[in-house]
Amino acid sequence: MIPSDRRATEREATETIVYRVAESERDKSACIKGEFSSDTVFEVVGSDGGFTIRPARLHPPVHKVFPDNETVAGETSQAERRFVALDGERVCGYVDTEYEPWNRRLIIADIEVAGPYQGRGIGRTLMSHAIGWARECGAGHVWLEVTNINAPAIRAYQRMGFTFCGLDTSLYSATESEGETALYMSLFLGALFPK
């Protein structure tokens with residue numbers, strides 16, 4: 001449970017932030033370098049019958065900065081939507097989504113909050129906008145991928161109701177994230193949208 005004084009501080013901090021669908025080219029092209037610090041890794045332990053995911057302490061903790069992704073020029077499709085968090089004119093966070101109608105899945109392609117704005121509820125609010133968009137699309141679930149060493153994000157997603165639904169031990173092969181495991185998480189909305 002969050003102490004009431006911390007909730008008040010988070011509420012005040014987010015009251016100055018404006019959330020909306022990305023409209024301008026500036027909103028759509030804003031880039032925030034992804035980074036996090038973690039003192040925990042979610043280890044994947046294989047067995048004959050499957051696998052187990054368990055948290056383990058990291059000593060020393062890690063700080064990771066994601067490499068820049070190449071941007072692809074072109075228009076955004078109707079299935080893609082970006083929500084932004086603005087502090088005045090500055091984009092301080094965003095979530096990129098893509099809806100796949102064939103399996104009624106809304107993918108969280110990327111979610112970023114700039115360092116000074118982290119821990120203020122901005123990511124949670126952006127995610128709530130994405131989930132609202134999922135409901136508008138008729139999605140049965142929201143899905144995302146996260147590295148197993150990003151414990152702060154994993155814990156935040158779990159608090160939002162996401163659960164583990166799979167993993168990929170080879171996704172990051174031959175990248176700067178070599179040795180990490182991609183964990184897939186989903187939030188099922190199916191009960192709200194009967195077939």
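## Strand β7 and its neighbours

T147 stands opposite A182 of strand β9. In this predicted model, β7 (residues 141–147) and β9 (residues 182–188) form an antiparallel pair joined by 7 bridges. On the other pairing described here, β7 runs parallel to strand β6 (residues 105–113), with 4 bridges between them. One position in that pairing is given by I107, whose bridge partner in β7 is W143. Between β6 and β7 the chain passes through helix α3 (residues 122–137), and the resulting β-α-β crossover is right-handed.

How many of the 7 residues of β7 are buried? The number is 6, so the strand is largely enclosed by the rest of the structure.

## Helix α3

Helix α3 contains 16 residues. Its span from the first C-alpha to the last is 23 Å, close to the 22 Å expected at 1.5 Å a residue.

The buried residues of α3 include I122, G123, L126 and M127. A130, I131, W133 and A134 are buried as well. After the helix comes G138, which has a positive phi near 85°.

## Salt bridges between strands

The model has 8 salt bridges. One of them joins the side chains of R54 and E43, with an N to O distance of 3.3 Å. R54 belongs to strand β3 (residues 50–65) and E43 to strand β2 (residues 35–47), so this pair ties together parts 11 residues apart in sequence. R54 is partly exposed at 43% relative accessible area, and E43 is also partly exposed, at 30%.

Another salt bridge is formed by D96 and R82, whose side chains meet at 2.5 Å, N to O. This pair links distant parts of the chain, 14 residues apart, with D96 in strand β5 (residues 90–100) and R82 in strand β4 (residues 80–87). Are these two residues buried or exposed? D96 has a relative accessible area of 19% and counts as buried because the cut-off is under 20%. R82 is buried too, with a relative accessible area of 12%.

## A salt-bridge network

R20, E23, R26, D27 and E89 are joined into one network by salt bridges that share partners. Within this group, R26 forms a salt bridge with D27, and their closest N and O atoms are 3.4 Å apart. The two residues fall into separate burial classes: R26 is partly exposed at 37% relative accessibility, whereas D27 is buried at 0%.

Technical notes. Residues are numbered from 1 along each chain as its sequence is written. This is a predicted model: local features need pLDDT of at least 70, side-chain atom pairs count only at pLDDT 80 or more; totals for chains, interfaces and linings use all residues. Side-chain values use heavy atoms; hydrogens and water are left out. Buried means under 20% relative accessible area, exposed over 50%, partly exposed in between (1.4 Å probe, protein chains only). Helices (H or I, at least four residues) and strands (E, at least two) are DSSP runs, numbered from the N terminus. Two strands pair if DSSP finds at least two bridges between them. A crossover is right-handed if, with the strands pointing away from the viewer, the path from the first strand over the helix to the second runs clockwise. The expected span of a helix is 1.5 Å times one less than its number of residues. A salt bridge is a side-chain nitrogen of Lys or Arg within 4 Å of a carboxyl oxygen of Asp or Glu.
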